[in-house]
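Reader: I would like a close look at the enclosed empty space in this model, followed outward into whatever surrounds it. Please take it step by step, and keep the side chains and their surroundings in view.

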Amino acid sequence: MPSVFEVAQAQLNKAADLAKLDDKVKVILSQPKNEIIVNFPVLMDDGSYQLFKGYRIQHNNIMGPFKGGIRFHPEVHLDEVKALAAWMTWKCSLLEIPYGGAKGGIKFDPTQYSSRELERITRRFTHALGANIGPDYDIPAPDMGTNSQTMVWMMDTYMNSSPQERKNSMRGVVTGKSVTSGGSLGRDKATGQGLVFAVAAWAEEHQVDLSKCSFSVQGFGNVGSHSARLLQARGAKLKAVIDHTGGVYNANGIDALDLIAYAKQNKGGVAGYSKAEPINKLDFFATEVDIFIPAALEMQITAETAPLMKCRLVAEGANGPTDLDGERILLEKGVQFLPDILANAGGVTVSYFEWLQNRLSESWSEDVVDAKLLKMMNKAYHTMRSIAKEYKTDHRTAAYIHSLSRIQTVYRERGIFP
Ligand code: NAD
């Protein structure tokens with residue numbers, strides 16, 4: 001079975017060949033520019049020290065500063081972070097945001113640590129990264145296992161390591177901060193909001209009435225829960241949810257808001273929700289729905305799960321949720337995709353808005369943020385659709401062609417130094 005990075009490479013190669021990308025550009029983009037690995041000790045609450053391994057992979061910065069999330073998860077590894085960093089490069093270019101791509105993470109399970117330990121781990125990692133991040137160089141954001149609190153700790157550590165007179169201009173070193181500490185209104189829900197905007201653009205084009213649609217969600221964290229409540233607000237019915245604690249199913253529908261409230265009381269997990277029946281992983285994938293939203297880990301839609309799936313659309317909230325077999329099987333069945341680099345781009349788009357607001361010392365209303373996001377998501381969706389028609393190819397490849405062509409134009413204009 002190919003690794004996550006091999007899947008990302010195969011996606012790149014397919015689009016590069018179809019778009020007849022210059023060989024030198026393809027070679028440059030096939031590996032990240034910088035791979036930073038740090039091992040750092042952290043004081044635990046019991047007085048002992050534990051060593052942590054952290055990664056920051058900077059894939060490409062020809063379009064602007066490196067940009068991408070920080071993941072805290074026991075499965076974080078180099079190959080995964082490399083793939084995630086490359087996907088950020090394609091995503092930012094697709095949305096025409098002036099950023100490159102990066103990703104980072106620490107290999108550990110954040111649910112097993114106290115808040116004080118999480119703070120020390122985050123601050124020590126930020127310190128270890130040192131000058132490898134910065135508001136004009138590389139700008140981290142939240143991802144799996146991290147949130148606005150994590151970002152505020154990172155920002156504070158970075159600011160306090162900067163000269164006094166420049167501290168306040170360093171706020172934009174991370175995005176996804178709390179609104180009070182310099183974040184943007186609408187950032188918390190942005191990835192789910194962007195996904196729902198993309199689904200709505202698809203529904204409008206295909207004359208699908210969302211209020212008659214059902215959907216299921218894998219992962220009920222930031223992306224999964226906001227996607228679920230915003231799609232439900234458009235009348236769609238949530239039939240099944242699964243996360244790391246277990247799955248729940250109700251043919252008559254699950255109230256997303258009620259499930260969010262339940263999960264909050266239940267350490268973030270959906271298992272045990274009494275207004276739905278328990279469901280296992282394979283039955284979850286086999287649940288018939290119009291829209292399937294993966295919003296957890298990579299490589300979930302595979303040769304094992306894709307044959308079970310009965311849906312019209314996969315809207316990829318997660319990064320890289322579909323492997324090569326999974327995508328081939330579903331495309332053969334006529335299932336359409338809103339690929340990750342489009343469907344979950346709302347997060348980085350509103351991160352860009354946050355960074356702009358920090359630079360301008362402005363604070364935009366949520367309506368302004370949503371309206372700007374809608375415009376950018378619609379533009380990216382229709383660009384992808386027109387390229388898919390022109391090249392007679394699938395949505396993922398079409399989205400890649402747009403990203404790669406923009407990057408290639410800049411390499412051709414600037415040349416390769418020296
Ligand atoms: P999160 O930590 O808030 O939530 C992750 C969810 O995945 C949790 O509900 C968890 O229970 C679930 N999960 C973990 N392991 C699982 C398993 N084995 N099976 C089923 N569910 C499992 O993370 P998030 O920020 O919502 O990120 C989810 C995905 O979305 C990731 O792929 C991330 O890269 C992607 N993404 C996030 C953002 C963002 O703004 N947060 C932006 C773009 C893409």
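Author: In this predicted model, the structure holds one cavity of 30 Å³ or more, and the volume of the largest cavity is about 50 Å³. Its lining is made up of Phe5, Ala8, Gln9, Leu12, Leu29, Ser30, His59, Ala86 and Trp90. Sorted by class, that lining comprises six nonpolar and three polar residues, with no charged residues. Two helices, H1 (4-18) and H3 (78-94), each supply at least two residues of the lining, and the largest share, four residues, comes from H1.

One of the lining residues, Trp90, leads from the cavity into the packing around it. When neighbours within four places in sequence are left aside, tryptophan 90 is in contact with Leu12, Leu29, His59, Ile341, Tyr400, Ser403, Leu404 and Ile407. Of these partners, Leu12, Leu29 and His59 also belong to the cavity lining. Trp90 is also named, together with Trp87, Ile291 and Leu338, among the residues with the most contacts inside the largest nonpolar core, which has 90 residues. Helix H6 (residues 190-205) gives the most to this core, with ten residues. Another core lies apart from it and has 25 residues, among them Phe40, Ile70, Leu118 and Val174. As a general background to such groupings, nonpolar side chains in soluble globular proteins tend to be buried together.

Helix H1, which gives the cavity lining its largest share, also holds lysine 14. Because its relative accessible area is 43%, which falls between the limits of 20% and 50%, lysine 14 counts as partly exposed. Its contacts, not counting residues up to four places away in sequence, are with Asp394 and Thr397, and a polar contact of 2.7 Å joins the side chains of lysine 14 and aspartate 394. Lysine 14 and isoleucine 401 are 387 residues apart along the chain, yet their C-alpha atoms are separated by 9.4 Å.

From the cavity one may turn next to an open space. The second largest pocket has a volume of about 260 Å³, and of the 13 residues that line this pocket, the closest to its centre are Lys33, Asn60, Asn61, Ile62 and Tyr411. Strand S2 and helix H14 each supply at least two residues of the pocket lining. By class, the residues of this lining divide into six nonpolar, five polar and two charged, whereas the lining of the largest cavity has no charged residues.

Strand S2 (residues 49-60) also contains glutamine 58. With a relative accessible area of 0%, glutamine 58 is buried, because the limit for that class is under 20%. The side chain of this glutamine has two polar partners to consider: it reaches the backbone oxygen of asparagine 132 at 2.9 Å, and it makes a polar contact of 2.7 Å with the side chain of aspartate 138. Leaving out residues up to four places away in sequence, glutamine 58 touches Pro32, Lys33, Asn34, Ile36, Phe66, Gly101, Ala102, Asn132, Tyr137 and Asp138. Among these contacts is Lys33, which is also one of the residues closest to the centre of the second largest pocket.

Helix H14 (395-414), for its part, is followed by a segment in which proline 418 lies. The peptide bond from phenylalanine 417 to proline 418 is cis, with omega near 10 degrees. Most residues other than glycine have a negative phi, and most peptide bonds are trans.

Two further backbone positions deserve a look alongside that bond. Lysine 267, although not a glycine, has a positive phi of about 50 degrees, and it lies in the loop between helix H8 (256-265) and strand S9 (277-279). Methionine 299 likewise has a positive phi, near 50 degrees, in a residue other than glycine, and its place is the loop between strand S10 (291-294) and strand S11 (313-315). Their surroundings can be set side by side: lysine 267 counts as exposed, because its relative accessibility is 82%, while methionine 299 is buried, because its relative accessible area is 19% and the limit is under 20%.

Conventions
Residues are numbered from 1 along each chain as its sequence is written. This is a predicted model: local features need pLDDT of at least 70, side-chain atom pairs count only at pLDDT 80 or more; totals for chains, interfaces and linings use all residues. Side-chain values use heavy atoms; hydrogens and water are left out. Buried means under 20% relative accessible area, exposed over 50%, partly exposed in between (1.4 Å probe, protein chains only). A polar contact is a pair of N or O atoms within 3.5 Å; within protein, one must be able to donate a hydrogen and the other to accept it, and residues adjacent in sequence count only if both atoms are side-chain atoms. Contact means heavy atoms within 4.5 Å. A nonpolar core is a set of buried Ala, Val, Leu, Ile, Met, Phe, Trp, Tyr and Cys residues joined through side-chain atoms within 4.5 Å. On a 1 Å grid over the protein atoms alone, a cavity is a set of points where a 1.4 Å probe fits but cannot get out, and a pocket is an open set with protein on both sides within 12 Å along at least five of seven lines; lining residues have an atom within 4 Å of a point. Grid points are joined across faces, edges and corners, and a volume is the space filled by probe spheres set on the points. Ala, Val, Leu, Ile, Met, Phe, Trp, Tyr, Cys and Pro count as nonpolar, Asp, Glu, Lys and Arg as charged, and the others, Gly among them, as polar.
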